[in-house]
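Hi everyone, thanks for coming. Let me put today's structure up on the screen, and then we can walk through it together.

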Amino acid sequence: MVRRVTRQQHEVVIAVIGVTGAGKTTFVCKATGRDDLQIGHGIDSCTQEVTPVSININGQQVTLIDTPGFDDSERSDTDILDQVAQYMTETFQRGVLLTGIIFLQPINQPRLQGSEMRRTRLFKKLLGEDAYKRVVIATTMWSDIPEAEARFRQEERKSRHDVWGDMVSAGAKVVRHDDTQESARNIIQTLATFDTPVELQIQRELLANGGKTILTSAGKQLNADLHQEMSKMTREIENLKREIEQMQREKENTALEMRELEERERRLRDNKEQQKKLEESNVHMILNAAATVLPPIAVALARHASCVIL
Ligand SMILES: Nc1nc2c(ncn2[C@@H]2O[C@H](COP(=O)(O)OP(=O)(O)OP(=O)(O)O)[C@@H](O)[C@H]2O)c(=O)[nH]1
Ligand SMILES: [Mg+2]
């Protein structure tokens, strides 16, 4: 049974969340100066476990919690959500309470895609509206695209209520992360000023329902998204099946038509040959008739007759 406990000591604890490849581990390395954490350089997702990393920044104990990213190449969002939820609940029970959340978002995505919208919705459900004021949305990968384009994309996400707008209205901050230690520490500093803990919606909900992820808002959101995706896939499969059937029918028709075509071509060739034979055979007969059937005298008579007529 999950039990609620109170915060035992003040320390800054910040969860770093975001999709895979957003730069979470890089951020933690930059902020702490650690170089032993695994950063992903390929297309595969990298961080496998929730990993707390503690450091003393200007005399203040700060723990950054690096998390595996959603949209993992190997594991499902359900597995990642379970893992993050499990860690958050266990630490919550041990009295390790969060000061804030850094939500990293790469800004080099071509446009607002469905997958980004889905994951943003999921993060919001995980955090809960009450926690928005303790959220810093930090955009990464600025060096990958022209600055004006990155600014435009950030502003677009900020202004849209269904992306970050609702979080911003409730107190979340949107900042640019420049991939430097100074930038990372400035972001941490904006959260370190809070000296009270924040409860995430998922922690509250897991306490209330005995730890069942599916009953939390994030779990329900993920479930609804999965249903929607499954319906879409079912429709796509049905369409593909219909297209394949149609192609097979067309293939059968094509084979029939090909046979028909070949038959006609064969008959045309036959006819041409026959016609040629017929022509040759005619000439042959006339020549033969003139040369062999009519005696020379008959030919002479015929010539003479035609002269008389003329
Ligand atoms: N240009 C640029 N590259 C970055 C930045 N942050 C991270 N990267 C690069 O992005 C890649 C992924 O970085 P990670 O820190 O492993 O990303 P992650 O969010 O921890 O990924 P997972 O562990 O898979 O969830 C690495 O090649 C980093 O060098 C950034 O701010 N700018
Ligand atoms: Mg990582």
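Before we look at any helix pair, one convention: an angle of 65 to 115 degrees between axes counts as roughly perpendicular. Please also keep in mind that this is a predicted model.

So, how do helix 1 and helix 6 lie relative to each other? Helix 1 covers residues 24-32 and helix 6 covers residues 181-192; their axes come within 8 Å and cross at roughly 95°. That angle falls in the range I just gave, and therefore the two helices are roughly perpendicular to each other. If you want to find the contact on screen, look for Phe27, Lys30 and Ala31 on the helix 1 side. Across from them, helix 6 brings Gln181, Ala184, Arg185 and Ile188. Sorted by class, that contact has 4 nonpolar, 1 polar and 2 charged residues. A handy reminder for reading such lists: an α-helix has 3.6 residues a turn, so residues three or four places apart point the same way.

Just ahead of helix 6 there is a loop that comes from strand 6, residues 173-176, and Asp179 sits in it. Asp179 is not a glycine, yet its phi is positive, about 65°. Is Asp179 buried or exposed? In between: it has 15 C-beta neighbours inside 10 Å, so it counts as partly exposed.

Met141 is another non-glycine residue with a positive phi, this one about 70°. You'll find Met141 in the loop that links strand 5, residues 135-140, to helix 4, residues 147-159. Because Met141 has 18 C-beta neighbours inside 10 Å, it is partly exposed too.

Strand 5 takes us to the strands. Strand 4, residues 100-106, is mostly covered, with 6 of its 7 residues buried. On one pairing, strand 4 runs parallel to strand 1, residues 12-18, over 5 bridges; there, Ile14 has Gly100 as its bridge partner. Strand 4 is also joined to strand 5 by 6 bridges, again in parallel, and Pro106 is partnered with Thr140.

Last stop, helix 3. With 14 residues, 114-127, at 1.5 Å a residue, this helix should span 20 Å, and its end C-alpha atoms are indeed 20 Å apart, so the two agree. Its buried residues include Leu122, Phe123, Leu126 and Leu127, but Arg118, Arg119, Lys124 and Lys125 are among them as well. Right after helix 3 comes Gly128, with a positive phi near 85°.

That's my tour; happy to take questions.

Methods
Residues numbered from 1 in each chain as written. Chains lettered and ligands numbered in written order. Predicted model: local features only at pLDDT ≥ 70, side-chain atom pairs only at ≥ 80, totals over all residues. Axes fitted to C-alpha atoms, helices over the stretch in contact; angles between N-to-C directions. Helix = DSSP H or I, 4+ residues; strand = E, 2+ residues; numbered from the N terminus. Parallel < 35°, antiparallel > 145°, perpendicular 65-115°, else oblique. Contact = placed C-beta atoms within 7 Å. Nonpolar A, V, L, I, M, F, W, Y, C, P; charged D, E, K, R; others polar. Expected span 1.5 Å × (residues − 1). Buried ≥ 20, exposed ≤ 12 C-beta atoms within 10 Å, placed from the backbone. Pairing = 2+ DSSP bridges.
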